[in-house]
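Trainee: Got a minute to walk through this model with me? I'd like to start with the surface and then move to the ligand.

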Amino acid sequence: MSYETLLFDVRESIAFITVNRPDKLNALNDQVVNELADAAERVATEDEIKGALLTGAGQKAFVAGADIGDLAKQGPFDGKARALRGQAMLRRFETCGKPVVAAVNGYALGGGCELAMACHVRIASETAKFGQPEVKLGIAPGYGGTQRLPRLVGKGNALHLILTGELIDAREAHRIGLVTRVVPPGELLASAEQTLRGILSMGPLAVRLALEAVDQGPEMTLDEGLLLEANHFGLLAATEDMKEGLTAFLEKRAPRFRGK
Ligand code: COA
């Protein structure tokens, strides 16, 4: 698929994905959602891609939400279908098995906040703003906001944001745990890439299984989650990467992981 609303560039194992509708603050219309779904599939399935970095074009917005023009035309059944398509796209990024980092460069509202939350690591520019303002439009979040936001920031903070529609700045997003780092705007992309390259220098099988356990664990009982973790721990003991990582430590050298 060739993209009209995304920039997609693979450089040294990282897929750099930029939502590219700056005149509409990178709002997610149906075409963007379809193209992001294709991009997520590529990240999940192409061997040369080891991780992805998502951002928005321009200085002002990461993604300012679902495209309100599209929403204005929908009836109940296509509204539901649109929510399911957006949710599936985000879930594909979340479960792609490779680290995905959001570099939040401006407004991350509604579907934009939801896109960032489906990424594994969120780094924000000092100028970023976050919110789930759907209630102001007479709708509720439809791309996972009611589910991922409470999991990330707790029910109280999530309900405050979802019910009031208030926007918060990057500092407040950091305080409540919605992002893990806030950097000056000029350092955002370099910081996000550096974080991602750091993750890519770790054992890729260990990273993959850690992503899976953190994704699945909260949906299980504590005992089930602990068993999943122990199973992963045992599985990793059968890998060349574990031998390499432990041997490299003992030999006081950098490990050379091969994902085997
Ligand atoms: N859907 C469609 N178009 C959007 C959009 C969205 N979610 N967010 C912004 N745009 C468009 C605007 O309509 C405008 O287009 P135009 O120049 O053709 O009129 C353009 O992007 C620039 O936005 P504008 O509102 O002029 O910028 P601003 O700096 O005054 O305000 C925001 C920025 C983010 C506060 C404001 O655009 C906004 O509230 N957007 C909607 C946010 C939202 O409710 N998202 C959740 C949707 S479910």
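Mentor: Sure, patches first: they are made of residues with over 30% relative accessible area and no salt bridge, with like charges joined within 9 Å and nonpolar side chains (Val, Leu, Ile, Met, Phe, Trp, Tyr) within 5 Å. A salt bridge is a side-chain nitrogen of Lys or Arg within 4 Å of a carboxyl oxygen of Asp or Glu. Accessible areas come from the Shrake-Rupley method with a 1.4 Å probe, and for residues only the protein chains shown count as cover. This is a predicted model, where local features need pLDDT of at least 70 and side-chain atom pairs pLDDT 80 or more, while totals for chains, interfaces and linings use all residues. Residues are numbered from 1 along each chain as its sequence is written, and side-chain values use heavy atoms, leaving out hydrogens and water.

Trainee: OK, so which residues make the nonpolar surface patch?

Mentor: Ile68, Leu137 and Ile139, and the patch is about 260 Å². Isoleucine 68 sits in helix H2; helices (H or I, at least four residues) and strands (E, at least two) are DSSP runs, numbered from the N terminus.

Trainee: Now the ligand. Which residues come nearest?

Mentor: Lys24, Lys60, Ala64, Ala66 and Ile68, out of 16 around the ligand. Near means a heavy atom within 4 Å.

Trainee: And what about polar contacts?

Mentor: Those are pairs of N or O atoms within 3.5 Å; within protein, one must be able to donate a hydrogen and the other to accept it, and residues adjacent in sequence count only if both atoms are side-chain atoms. A side-chain N or O atom of lysine 24 is 2.5 Å from a ligand oxygen. Polar backbone atoms of alanine 66 and isoleucine 68 each lie 2.9 Å from a ligand nitrogen.

Trainee: How much of the ligand's area does the protein cover?

Mentor: 60% of the 860 Å² that the ligand has on its own.

Trainee: Switching topic: how many salt bridges?

Mentor: The count comes to 14. In one of them, arginine 82 pairs with aspartate 30, with the closest N and O atoms 2.9 Å apart. That links helix H3 (residues 76-94) to helix H1 (residues 30-45), the two residues being 52 apart in the chain.
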